[in-house]
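Student: Hey, could you walk me through this one? I've never looked at it before.

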Amino acid sequence: MVLHSIYDINEKGHLTVSGLDSTELAKEYGTPLYLLDTDHVRKMCRTYKEAMEESFGSDSKPVYAGKALCYSGIYKIIKDEGLYADCVSSGELYIATKAGFDPEHIFFHGNNKTDEDLRYAAVLGIGHIVVDGDDELDALEAIASNLGTNVHIILRITPGIDPHTHKKIITGNVDSKFGTAIKTGQAKEIVKKALSKKNIILDGLHCHIGSQIFETEPFVDALDIMIKFMSELKKDLGYETSLLNLGGGFGVRYTEKDPVINYTANIEKLGEELSRLCLLYDVRKPVIYMEPGRSIVAAAGATLYTCGTVKEIPGFRNYVSVDGGMTDDPRYTLYQSEYTIVNATKAGEEADFECTISGRCCESGDLLAENIKIRKPSRGDIIATLVTGAYNYSMASNYNMIPRAPLVEISRGKANLAVRRETFEDLISRDADPTKKG
Ligand SMILES: *Cc1c(COP(=O)(O)O)cnc(C)c1O
């Protein structure tokens, strides 16, 4: 198959994921089932690391955005490959550090970190706290001073990229719950304030313009704005920015309509622009970090379901219901994200059946795709959604009290259970027992 190298069809006409027969995996582990090719994850880590070192300088690093896929095992891979990690909650910090990830190699994000979050991060010795705004800076200083420690921070800046020019890009906009804006003058003020704080060490700046971006132009625009801002800081405050974190956001090919993305070429282009802009604005080249999430893990994943009811409504549409849905993949329900879906049992046969793939939850909006074509399935066939490594497992819920699906890692042709399926006991493990007297 063409979408990504890990998917293929074997002599039985079954979909294979990383060389393994998907219908066999479904039989062994049950469905719904998340699959993750960790060799592919590692390959993407290396692609970023090598390209960034080559294009930005040897100190540059990819920082894996754990919100895309967060479970203990992913941190071993990220650590092995020499990437840093980005966490967005104390829960993610807990998982990363429990998994043996060096806290010094973590960036801690969030637009509304609580005092408990900040204290937890300071106590763990998190490498960089990405301070979102003014009151967080004050709160963090108080906590650091209380603990008698220094904390290293970078400041999240909103570059103010025009969302009309780049429609998909919304988080780098001035009107955003994230970061401090350059346009309003607040960004310079917060830099000044951070420099005056006693227990705070300002190591640099951060910006993140959005996700699922296919072109380099929005990143070049952001780079231009940020480097220009750095030159103002140098002139007005005598502050030289040594670290610039450009956030995440390179896109992923979910369907044949999406372009094939050359990450290395994109990073090379950004490297050239960085050198040009630093000369233009007369600033020293900062160390560049980037925070890829989905582009590291998405194309390494697939989700397997078992087909249940096939319902044909003449003159309307056909529904193929699977044994999962918005509980394991809420992305269609949330953003109408498009996916490539196949009848894995009959992957070698022509996709002849126009249908809507629906989940099993009691919600009409619980859909995985609408008006797509797959080979007409029968009850019991295995249905696969491709490119589900990112924002599926990490966004899963227990709605309708459906136990969350297990995650199986595949490496060198071997499958290994990395997260077991949730049990009914898990579902009530936090409940007080109402049958107990007292
Ligand atoms: C979501 C996010 C990322 C990762 O975005 P992807 O689209 O998954 O690459 C990186 N940095 C920040 C601050 C984010 O919010």
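Tutor: Sure, one term before we start: a crossover is right-handed if, with the strands pointing away from the viewer, the path from the first strand over the helix to the second runs clockwise. Helices (H or I, at least four residues) and strands (E, at least two) are DSSP runs, numbered from the N terminus. This is a predicted model, where local features need pLDDT of at least 70, side-chain atom pairs count only at pLDDT 80 or more, and totals for chains, interfaces and linings use all residues. Residues are numbered from 1 along each chain as its sequence is written, and side-chain values use heavy atoms, with hydrogens and water left out.

Student: Okay, so which elements make a right-handed β-α-β unit with strand 7?

Tutor: Helix 5 (residues 115-124) and strand 8 do, together with strand 7. Strand 8 also makes a right-handed β-α-β unit with helix 6 (residues 134-147) and strand 9.

Student: And how do strands 7 and 8 pair?

Tutor: In the parallel sense, over two bridges, with strand 7 covering residues 106-108. Two strands count as paired if DSSP finds at least two bridges between them. Phe108 has Ile129 of strand 8 as its bridge partner.

Student: What about strand 8 and strand 9?

Tutor: Those pair in the parallel sense too, over three bridges, and strand 9 runs over residues 151-158. Here Val131 is partnered with Leu155 of strand 9.

Student: Which way do the side chains of strand 8 point?

Tutor: His128 and Val130 point one way, Ile129 and Val131 the other, and all of them are buried. Buried means under 20% relative accessible area, exposed over 50%, and partly exposed in between (1.4 Å probe, protein chains only). As background, side chains in a regular strand alternate between the two faces of the sheet.

Student: New topic: which residues touch the most other members of the largest nonpolar core?

Tutor: Ile74, Ile153, Leu155, Leu205, Ile227 and Ile357, out of 125 residues in that core. Helix 8 (residues 217-237) gives the core its largest share, nine residues. Domain 1 (7-37 + 298-427) and domain 2 (109-292) each put in at least three residues. By nonpolar core I mean a set of buried Ala, Val, Leu, Ile, Met, Phe, Trp, Tyr and Cys residues joined through side-chain atoms within 4.5 Å. There is also another core apart from that one, with seven residues, including Val63, Phe107, Val130 and Ile154.

Student: What is Ile74 in contact with, leaving aside neighbours within four places in sequence?

Tutor: Leu36, Val41, Tyr64, Leu69 and Val297. Contact means heavy atoms within 4.5 Å.

Student: Back to those domains. How far apart are their C-alpha centres?

Tutor: The centres of domain 1 and domain 2 lie 36 Å apart. Six residues from domain 1 and five residues from domain 2 take part in the contact. The domain bounds come from an automatic or database domain assignment.

Student: How much area is buried between them?

Tutor: About 560 Å², with carbon and sulfur atoms giving 52% of it. Buried area is the accessible area (1.4 Å probe) that two parts lose on being put together, summed over both. On the domain 1 side, Glu338, Thr340 and Val387 supply 61% of what that domain buries against domain 2, more than any other three residues.

Student: Any odd backbone spots? Where is the cis peptide bond at Pro32?

Tutor: It runs from Thr31 to Pro32, with omega near -10°. Pro32 sits in the loop between helix 1 (22-29) and strand 4 (33-37). In general, most residues other than glycine have a negative phi, and most peptide bonds are trans.

Student: Which phi does Asp282 have, positive or negative?

Tutor: Positive, about 60°, although Asp282 is not a glycine. Asp282 lies in the loop between helix 9 (263-281) and strand 13 (287-290), and counts as exposed at 52% relative accessibility.

Student: And what about Asn400?

Tutor: Asn400 has a positive phi of about 60° and is not a glycine either. Its loop is between strand 19 (382-386) and strand 20 (407-411). Asn400 is partly exposed, with a relative accessible area of 33%.
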